[in-house]
Amino acid sequence: MIEAYAKQLKLPYLKKNYSTLLQQAIDLDQSFEEFLTQLLTLELEQRQNNRIQTLIRQSKLPSKVTFDDYMDSHLEVKMKKQIKELKTLRFIDQKENLILMGNPGVGKTHLATVLGMEACLAGKSVLFTNIPNLVIELKESMSANQLNFYKRRFGKYDLVILDELGYVSFDQIGSEILFNLLSNRTTAGSMIITTNLSFDRWEETFKDPMLTAAMVDRLAHRAHVLDLSGPSFRVEDTKKWLK
């Protein structure tokens, strides 16, 4: 009977474990209140853990790295302080952007992924995508008359991570629909953008100088900008293997 009620009430942990916990309560001579508190606490913890796992799966993050995996010994003190502040995730709560600049191989995507994972663990909804693929999806949505639906879904995430700005240039249509999407996003929630180009070179990607200026203005407004330029970790690792 209890299993049936638990199933109807959508309490899977209670349904699966109540008999074991009941026996433990009897053995430990727990009061009814202690037993019920423990049961509901474990049910809630299981539900929260399931939600976090769902958020991680839906985020499409390329790896499940956290700050436990992040090495900052090579960074200057000022940069370490900036990253420590970002770790609090206050920039997401305040709907601020983060722009990570630097040459290839310096850890921009890695840092963005770490922050995305920490956001998921904090119960926030995250989407990771690279910008060239995003433009392709936008064009496909436009062709299928689904662009408005795509924009609404895009605006619901607490954090959107846009990887690899600057590696591919776009035609006029691609630039315009991307600009429109990101402009709408600036008031809806935070974005992390990784790019190998400084702001003065973004025109190489978007071609149109006026659109580029407007894009920079919207994305950089109230944004944290970190320049991670330096030696490439991938190049250094390759050198080690060649020795």
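How many positive and how many negative side chains does the protein have, and how far apart do the centres of the two sets lie? In this predicted model, there are 32 positive and 30 negative side chains, and the centres of the two sets lie 3 Å apart.

**Figure 1. Overall fold of the predicted model.** The protein is built from 12 helices and five strands. Its radius of gyration is 23 Å, well over the 18 Å that the globule rule gives for 243 residues, so the protein is more spread out than a compact globule. The C-alpha trace spans about 70 × 55 × 35 Å along its principal axes. Of contacts between residues at least 6 apart in sequence, 81% join residues at least 24 apart.

**Figure 2. Surface and interior of the protein.** Of the 243 residues, 42% count as buried. The protein exposes about 14,600 Å², and 53% of this area is supplied by carbon and sulfur atoms.

**Figure 3. The aromatic pair of Tyr150 and Phe154 in helix α8.** A pair of aromatic rings is described by the distance of the centres and the angle of the planes. The protein has five aromatic pairs. In the pair shown here, the ring centres of Tyr150 and Phe154 are 6.5 Å apart and the planes stand at 20 degrees; because planes under 30 degrees apart count as stacked, this pair is stacked. Both residues belong to helix α8 (residues 147-154), where they are four residues apart, about one turn of the helix. Tyr150 and Phe154 are both buried.

**Figure 4. The edge-to-face pair of Phe199 and Trp202.** The ring centres of Phe199 and Trp202 are 5.2 Å apart, with 65 degrees between the planes. Phe199 has a relative accessibility of 26% and therefore counts as partly exposed. Trp202, by contrast, is buried, with a relative accessible area of 1%. Ring pairs link these two residues with Phe170 and Phe206 into a cluster.

**Figure 5. The surroundings of Ser125 in the loop between α6 and β2.** Ser125 lies between helix α6 (108-121) and strand β2 (126-130). With a relative accessible area of 18%, Ser125 is buried, because the cut-off for this class is under 20%. Which residues does Ser125 touch, not counting those up to four places away in sequence? They are Leu55, Lys156, Tyr157, Asp158 and Leu159.

Key:
Residues are numbered from 1 along each chain as its sequence is written. This is a predicted model: local features need pLDDT of at least 70, side-chain atom pairs count only at pLDDT 80 or more; totals for chains, interfaces and linings use all residues. Side-chain values use heavy atoms; hydrogens and water are left out. Helices (H or I, at least four residues) and strands (E, at least two) are DSSP runs, numbered from the N terminus. The radius of gyration is taken over C-alpha atoms; the globule rule is 2.2 Å times the number of residues to the power 0.38. Buried means under 20% relative accessible area, exposed over 50%, partly exposed in between (1.4 Å probe, protein chains only). Contact means heavy atoms within 4.5 Å. Accessible areas come from the Shrake-Rupley method with a 1.4 Å probe; for residues, only the protein chains shown count as cover. Lys and Arg count as positive and Asp and Glu as negative; His and the chain ends are not counted. The place of a charge is taken as NZ of Lys, CZ of Arg, CG of Asp or CD of Glu. Rings of Phe, Tyr and Trp (its six-membered ring) pair if their centres lie within 6.5 Å; planes under 30 degrees apart count as stacked, over 60 as edge-to-face and the rest as tilted.
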